[in-house]
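Pull up the model and keep the sequence beside it. We'll walk through a handful of spots together, one stop at a time.

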There are 2 protein chains.
Amino acid sequence: MTNIGILGNGTVGSGVVELINKNIKKLKERTGEEIRIAKILVKDINKHLGQSNANLLTDKIEELFSEDIDIVVEVMGGIEPTYEYIKRFLSMKKHVVTANKDLIAKHGEELLNIANENQVKLHFEASVGGGIPILKPLSECLAGNEIQNIRGILNGTTNFVLSKMYNENMSYSEALKIAQELGFAEANPESDVMGYDAARKLSILSTISYNKRVEWQDIVAIGITEINETDIKCAKEVNCNIKLLAMSSKEEEGIYAAVRPVLVNKGSQIGKVEDEFNGISIKGDAVGEMFFYGKGAGKFPTASAVFGDIVDIIENKGRKIAIPSKEKAEVYGLWKRKAQWMLRIKGEDRLGIMCSLGELFSKCRFSNEKGINGDEVISFVECESEEILDSIIEKLHSANSVIAVKKFIKLENA
Amino acid sequence: MTNIGILGNGTVGSGVVELINKNIKKLKERTGEEIRIAKILVKDINKHLGQSNANLLTDKIEELFSEDIDIVVEVMGGIEPTYEYIKRFLSMKKHVVTANKDLIAKHGEELLNIANENQVKLHFEASVGGGIPILKPLSECLAGNEIQNIRGILNGTTNFVLSKMYNENMSYSEALKIAQELGFAEANPESDVMGYDAARKLSILSTISYNKRVEWQDIVAIGITEINETDIKCAKEVNCNIKLLAMSSKEEEGIYAAVRPVLVNKGSQIGKVEDEFNGISIKGDAVGEMFFYGKGAGKFPTASAVFGDIVDIIENKGRKIAIPSKEKAEVYGLWKRKAQWMLRIKGEDRLGIMCSLGELFSKCRFSNEKGINGDEVISFVECESEEILDSIIEKLHSANSVIAVKKFIKLENA
């Protein structure tokens, strides 16, 4: 008998309970093991009176610590007090499954080390890509690969907003409002729209992929709050979509990692990821480029990933894990490779700016778009690196009366 | 120390050797276990004289049976004598990793039972989707799901041929010739172009997904040999691509399973799978629709999957597996759901056929295309099921002087 304690009884929590109850028989046939939900921690017990499983509910965490539990499922979210709870459970030799990317991005390494010391497992498949199997395939199936790069749409909220803006010509605020009404975005959407959520997930993926600790605070994150209809129009002009990409790659200098809006070809796999879906492209030296797509959030997709982690723990009870503490990665956020860029340059002297651009870049094409007030030069240029691009933009600033510059990478093969 | 014996030293075999040697140190760090290639079975030892690892080679299978081996990697292919070898290795309590879809589709269940009796593992991730992690995610990460359907481009050779025909207006025989020159198609391409290879892979995926034995001989397979430029032209007319899809789904009546050329939307994830790539869409009741994409064959992609299986065995040495013998599935190949179809009807009385079609189908749209000899009616109709469609076509046959009929499902949401 495997006893399961669940921390949290919100949308995902109730999905996990439902999925466990639905699969008890199937799991018994498969593993010979019976599972049982022993206890569920809720915030306020009074809200759940009369519920069918009311006898399992408690709002006292101590009851879970004293219960005979084998696996703890954490779906309450947040860092405190979750972090303290999970540390204590791991020290008590309880396996832990969590969907909490904030917690894993911040304390993942420490918690994994505590788990290892206690010979139990800490699984967090649901923390990246929701229901899409990604962490296990990455760390197990692709173990023979050196991972070269990752490009992902890891945040469904912002992808929903960008899809509405692109496909239905909505403004950012209109699209965000709909996302909030549909429950895709929270009342305070900062973590999503600023790219922090995607940066956290990218740090988890990158740490597994490059075997170095990529801290999420080191990842440059540019969100979608500044995207407007002119950006969308110009992207369409070159047959591109605008996506908030979480990108990282292993480079000689360290790990490149950034979250930023990027122009991707409309016809590419990643350019086809619409609405609240997630898509993750991973390139390994042996396997080449792969792409995983599916629902990155939601009650049952997340519960599906949590349940997969539970099954893994049950099926691998004897397994020894030895993940060494990881060296911190040198992370940088400037694009160091040759790339195409879309530049939007606002200034009084349009002609002067156009002349300068033509001189400064060997390859430069101008858009017919002039921005909303007709005072912009919008161009597509090629440049050896973002550092060089920035220095050229600096020159422009001093030579012409430039007021503002906006830049987007335009990815060739994505 | 884990000793590995390898059966086969062709393209994939040498890829596996290379990948193992490259990862010895990394694997030691990760698992604490050292791996070593103990012996490699080759067809003709004289062909390999002077090779750097010549001391490991043998053309005598008995040398592998008597060697101290923990894991056997089978990449020699074919059913005989491979089947006998693997049976014997499993009975000797050796773990087996194979990339052999023919073998698994034919003898998979028996071999899995022998493996279970001997408490060793039989892994075959590389047998479906090449380097794409699919079997492990499906059976482990998605364990909480009831799989509802599978739609896959599982054969890279035919997808390459169809891509060339679609994108470069080549004929079938021109495209096949190029595929053969590039090594994507074999001299005798029957197994690929007739859809048998895809049917074997679909049987493996479906057996895992629906927990019933789906025998590949029960799967209706229509290959790509009859696809011509008119089919392609008409598909383009409705903004579709033609793909050889391996499709199965769990239905009340049993398991629907078929391999056939299908019209899919050009902009869909599966419609974007080009050239020799594979793409697999899986729908689970909890997780919703997912999509996996990558290289379905080749030296290193296949070796990547094989290596992942090796790591799994090393990391899970103590693990007990209990996969019960599976009931045989009732498999049928007629599409039972409402769908759109593209019909090509050849006959002397074009107008008569058009009138009949208009009468027989409530929804019917005609193409301007009339086939190469101008003697065809090409139309897009909607029908409740393939059985009803066939009975309507039967009526057409008797009422009009119809010479030939060709039909394609046009998938709406793919």
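**A walk through the two chains**

Start with B:Asn211, which sits in the loop between H9 and strand S8 (220-221) of chain B. Helices and strands here are DSSP runs (H or I of at least four residues for helices, E of at least two for strands), numbered from the N terminus. Before going on, some ground rules: this is a predicted model, in which local features need pLDDT of at least 70 and side-chain atom pairs count only at pLDDT 80 or more, while totals for chains, interfaces and linings use all residues. Residues are numbered from 1 along each chain as its sequence is written, chains are lettered from A and ligands numbered from 1 in the order in which they are written, and side-chain values use heavy atoms, with hydrogens and water left out.

Back to B:Asn211: its phi is positive, near 55°, and it is a residue other than glycine. B:Asn211 is partly exposed, at 43% relative accessible area. For that scale, buried is under 20% relative accessible area, exposed is over 50% and partly exposed lies in between, using a 1.4 Å probe and protein chains only. Now flip to chain A, where A:Asn211 lies in the loop between helix H9 (196-210) and strand S8 (220-221). Phi of A:Asn211 is also positive and near 55°, and A:Asn211 counts as partly exposed at 43% relative accessibility.

Another backbone feature turns up in each chain. The peptide bond from A:Glu80 to A:Pro81 is cis, with omega near 5°, and A:Pro81 belongs to the loop between strand S4 (71-74) and helix H3 (82-91) of chain A. In chain B, a cis peptide bond joins B:Glu80 and B:Pro81, with omega about 5°. B:Pro81 is in the loop between S4 and H3 of chain B.

Next, follow chain B along to helix H4. Where is this helix kinked? Look at B:His107: helix H4 (residues 101-117) of chain B has a kink of about 80° centred there. The bend at a residue is the angle between axes fitted to the seven residues ending there and the seven starting there. B:His107 is among the buried residues of H4(B), a list that also includes B:Leu103, B:Ile104, B:Leu111 and B:Leu112. The buried residues of H4(B) pack against strand S4 (71-74), helix H3 (82-91), strand S5 (95-98), strand S6 (122-123) and helix H9 (196-210) of chain B, where contact means heavy atoms within 4.5 Å.

The two ends of H4(B) deserve a look as well. At the start, a side-chain oxygen of B:Asn100 comes to within 3.3 Å of the backbone nitrogen of B:Asp102. After the helix comes B:Gln119, with a positive phi near 55°.

Helix H9 of chain B holds B:Asp197, a buried residue with a relative accessible area of 3%. The side chains of B:Asp197 and B:Lys101 are joined by a polar contact of 3.1 Å. A polar contact is a pair of N or O atoms within 3.5 Å; within protein, one must be able to donate a hydrogen and the other to accept it, and residues adjacent in sequence count only if both atoms are side-chain atoms. Not counting residues up to four places away in sequence, B:Asp197 touches B:Lys101, B:Leu154, B:Asn155, B:Ser191 and B:Asp192.

Another buried acidic side chain is B:Glu386, at 3% relative accessibility, in helix H13 (residues 386-399) of chain B. Which side chains does B:Glu386 make polar contacts with? One is B:Arg260, at 3.0 Å, and another is B:Lys407, at 2.9 Å. Residues touching B:Glu386, leaving out those up to four places away in sequence, include B:Trp335 and B:Trp341.

Finish in helix H11 of chain A, home to A:Gly308. A:Gly308 is buried, with a relative accessible area of 4%. Leaving aside its neighbours within four places in sequence, A:Gly308 is in contact with B:Glu140 and B:Cys141. Within chain A, the C-alpha atoms of A:Gly308 and A:Lys136 are separated by 9.9 Å, although the residues are 172 apart along the chain.
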